[in-house]
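Q: Please take a close look at one part of this structure, the nonpolar patch on the surface, and then place that part in the setting of the whole chain.

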Amino acid sequence: MTKMEIRNNKHLHTRQIIGIFPVLELDSDDVDIPLRNPSISYLDIFFLVSSIFMHIIDMGIDINLAVRYLLANKITYFAWTATFIFLPSFINVIISRRMQHQDDKASTPLNPSESKCVHSMLTKKLYCIIIIMFQLAPVLRYYQTLKYALKAYRFQKLGNRNAQRRYYLKMLKEDQDVALLRVFECFLEAAPQQILQLTILLKHYHSNINFEFIHQVASILSSLGSMGWAMASYHRSIRLVQQDKPNIGITGTVVQFLWHFCTTVSRIFSLSVVASVWPIYTAIGCVCHWIGMTTWIIIDSQGILEFCRNYNYAPHCPPKLKERIYSVLFSVVIGVVHVFIYLNAVDGSTFFKHVFFYIVCFLENITACAFWIHTSSDEVKAAWYFNVLIVLCIVPFLLGITSMIVYYTVFHPSKHQSSVHT
């Protein structure tokens, strides 16, 4: 269940939202109930501010690395690094504008000036260029979320519970939008960037440490941290805003985080090691996987995703051609995400979809690792990192799948819901 499936929800039911692991009682079933006393804490504000700074730091390291490649006259590496920075940023701006357009149609803001700044920046060409260059689309939404959080906190201190609740719900809605933007930023920019930098490291690493090496490692580590942060925030936030489903407890959130993080790390290392030997064939393999996943999404959604519907039309009306074109283009973007991780775009049972997807990914990872082992030079096989990378290609994936099984059999919210009814 994702952001695209729940945009039609009229009400938001939850207790609290934090940018990453929520503070909940381990033995309580945190079921969505109507808000009575939503509260904003310093921890909520801290996580929102931290999310902004973490994104800016990750962005700054990647741009700095691209500049260093340019100054070192490594034009090919500069071109690829810059492409993986600016192309995903451009896609994120388009998605953010679509979100803003849907939000403007769905509701009337409490104060029109509240969303005027973000709206104007996303529509004016000069501002869009700046936003794309510096990957600021998620930052703008984080800023809007932080504004609502601070207003809710201020009204909480003043004792105005109606205003506090309104701004709290608006904060949840903004956080829901930015959570999806961060997922796209992670798997359109951060994950490909990690593969690129790991591939460059493996091709040119000779046990020497210089400034370029440090920046490459910093880019990889910052992207990993950014991905972990975004995934934890995303999977928690999409559950918080669903009125008909129980929330994920803190233990379930941690297990789910381990599932996605471990499988993604394994995926990144597997693609990186084979790309260091056969970059062209690796790119072809990724394109084939992308096309296959995009086709699957289009078929599964019957040609129309909820995110691309025009809600001015009655639900029973068939989708217009423009909506179907938007849906195909959005499926193409989600297909890129599916190179690394499964992101459900259609309402319905996800367990067997996960099983199919991860079997395909595991077979691809094994194949990539086997090719790398048999085609690596004797110098690489004698290096200290050779066996380490083999372990990182396989073991995290198995840990991630184990976490997925544990999550579905023990910690999925439906399990707690069933136990309550019985």
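**A surface patch and its setting**

A: In this predicted model, Ile 284 is partly exposed, with a relative accessible area of 45%. That value puts Ile 284 in the middle class because partly exposed covers the range between the buried limit of 20% and the exposed limit of 50%. Ile 284 lies in helix H9, and it belongs to a nonpolar patch on the surface together with Trp 278, Ile 280, Tyr 281 and Phe 371. The accessible area of these five side-chain bearers, taken together, is about 550 Å². Helix H9, which covers residues 279-300, supplies three residues of the patch, the largest share.

The setting of the patch is a chain of 422 residues, of which 52% count as buried. The chain contains 14 helices and zero strands, and its elements, read from the N terminus on, run α-α-α-α-α-α-α-α-α-α-α-α-α-α. About 19800 Å² of the chain is exposed, and carbon and sulfur atoms supply 68% of that area. Among the contacts with a separation of 6 or more, 78% are between residues 24 or more positions apart.

Helix H6 shows the covered side of the chain. It spans residues 161-204, a total of 44 residues, and 37 of these 44 residues are buried, which leaves H6 mostly covered. From its first C-alpha to its last, helix H6 reaches 60 Å, close to the 64 Å expected at 1.5 Å a residue. At Cys 186, H6 bends by about 35 degrees.

Thr 81, in helix H2, offers a buried counterpart to Ile 284. Thr 81 counts as buried because its relative accessibility is 1%, under the limit of 20%. Leaving aside neighbours within four places in sequence, Thr 81 is in contact with Asp 62, Ala 66, Tyr 69, Gln 193, Leu 196 and Gln 197.

Ahead of helix H2 comes a residue in the exposed class. Asn 73 sits in the loop between helix H1 (42-71) and helix H2 (75-106). Asn 73 counts as exposed because its relative accessibility is 60%, over the limit of 50%. The phi of Asn 73 is near 65 degrees, a positive value in a residue other than glycine.

Three residues thus illustrate the three classes: Thr 81 is buried, Ile 284 in the patch is partly exposed, and Asn 73 is exposed.

Definitions and conventions
Residues are numbered from 1 along each chain as its sequence is written. This is a predicted model: local features need pLDDT of at least 70, side-chain atom pairs count only at pLDDT 80 or more; totals for chains, interfaces and linings use all residues. Side-chain values use heavy atoms; hydrogens and water are left out. Helices (H or I, at least four residues) and strands (E, at least two) are DSSP runs, numbered from the N terminus. Buried means under 20% relative accessible area, exposed over 50%, partly exposed in between (1.4 Å probe, protein chains only). Patches are made of residues with over 30% relative accessible area and no salt bridge: like charges are joined within 9 Å, nonpolar side chains (Val, Leu, Ile, Met, Phe, Trp, Tyr) within 5 Å. Accessible areas come from the Shrake-Rupley method with a 1.4 Å probe; for residues, only the protein chains shown count as cover. A salt bridge is a side-chain nitrogen of Lys or Arg within 4 Å of a carboxyl oxygen of Asp or Glu. The expected span of a helix is 1.5 Å times one less than its number of residues. The bend at a residue is the angle between axes fitted to the seven residues ending there and the seven starting there. Contact means heavy atoms within 4.5 Å.
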